[in-house]
Amino acid sequence: MSRAQPTTDAATAAREEILQAAAELFTDLGYALTSIDAIAERLGATKGRVYYYFKSKADIFFDIQRAAMARLMAEVEPIARSTLGPADKLRGMAEAHLGMLLADLPIQKVSVQGLERYLFHSSGYRYVNELREINQLRDTYEQIFAEVIDQGAREGVFSDMPPRLLTKPFFGALNWVTVWYRPRKLQDAQSNRMIVETLVSFAMQGIQKEPDHEPKSG
């Protein structure tokens, strides 16, 4: 008798659990030291369950990257397509981006930090197509921000500098939270909101056009 196949919802939930467990281990131990056995142990399952859904550790890693970008895009794109002015739009997008980083920290931390480290891994050349795909997803996501920054620059709201150039330090100010942020057990939503508002305000100051100061009359 053949084994019953999991339903779509059950399969999706199982894959999500594996991605979450793997992301936590990649964050704690690093990619190289994380094994399929360790992921299965974190899940309280057999490694056969992991292999049922993923062929290799690399497949899990790249699916984490895809999941992270899909979740960010789902939060940010509706704001980017709204009728808000560029300053309000960019602030809303940045708040959504940073809020997702905090709420989905292990997955997003692997996405922000892991790919750069993996690019220098000795076996990275074996996954050229996957790396190209993930970089394309990142470029598409960054382009959404660049378009809003470009709109703001043309309207005199943001600094008149190349949008793609401004986008890099803007993301840097936001994404650095994945390096230093450590959630506490009793930390509430208000604390996270304060972090989001503070860092977004800091990032916005870096690209907003400085007001013209007229000389004071004597």
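## Exercises on an all-helix model

The protein chain holds 10 helices and 0 strands, and the model examined here is a predicted one.

**Exercise 1. Describe the overall make-up of the protein chain, from the order of its elements to its surface.**

Step one is the order of elements, which from the N terminus on reads α-α-α-α-α-α-α-α-α-α. Step two is burial: of the 218 residues in the protein chain, 42% are buried. Step three turns to the surface, where the protein chain exposes about 12700 Å², with carbon and sulfur atoms supplying 54% of that area. Step four considers contacts with a separation of 6 or more, of which 71% are made by residues 24 or more positions apart.

**Exercise 2. Which residues have the most contacts inside the largest nonpolar core, and which helices supply at least two residues of this core?**

Begin with the core itself, which has 34 residues, and in which Leu-90, Leu-98, Tyr-141, Phe-145, Phe-170 and Val-177 have the most contacts. Next, assign the core to helices: helix H4 (57-80), helix H5 (86-103), H7, helix H8 (163-175) and helix H10 (189-205) each supply at least two of its residues. Among the contributors, H5 gives the most, with 8 residues. Then follow Tyr-141 outward: leaving aside neighbours within four places in sequence, Tyr-141 is in contact with Met-69, Leu-72, Met-73, Val-76, His-97 and Phe-171. Finally, keep apart a second, separate core of 29 residues, which includes Ile-60, Phe-62, Ile-64 and Leu-131.

**Exercise 3. Classify the aromatic pair formed by Tyr-141 and Phe-145, and then compare the burial of Trp-180 with that of Tyr-181.**

The total for the model is 11 aromatic pairs. For Tyr-141 and Phe-145 the ring centres are 5.4 Å apart and the planes make an angle of 65 degrees, so the pair is edge-to-face, given that the class requires over 60 degrees. As for their location, both residues lie in helix H7 (residues 128-154), 4 residues apart, or about one turn of the helix, and both are buried. Trp-180 and Tyr-181 also form an edge-to-face pair, at 6.3 Å centre to centre and 80 degrees between the planes. Tyr-181 is buried because its relative accessible area is 6%, under the 20% limit, whereas Trp-180, at 41%, counts as partly exposed.

**Exercise 4. Which residues form one aromatic cluster with Tyr-31, and which charged end sits over the ring of Tyr-31?**

First, the cluster joins Tyr-31 with Phe-26, Phe-61, Phe-62 and Tyr-127. Second, the charged end of Lys-57 sits over the ring of Tyr-31, 4.3 Å from the centre of that ring.

Technical notes. Residues numbered from 1 in each chain as written. Predicted model: local features only at pLDDT ≥ 70, side-chain atom pairs only at ≥ 80, totals over all residues. Heavy atoms only, no water. Phe/Tyr/Trp six-rings, centres within 6.5 Å; stacked < 30°, edge-to-face > 60°. Buried < 20%, exposed > 50% of the residue type's maximum accessible area, 1.4 Å probe, protein only. Lys NZ or Arg CZ within 6 Å of the ring centre and 35° of its normal. Contact = heavy atoms within 4.5 Å. Areas by Shrake-Rupley, 256 points an atom, 1.4 Å probe, with all protein chains shown as cover. Core = buried A, V, L, I, M, F, W, Y, C linked by side-chain atoms within 4.5 Å.
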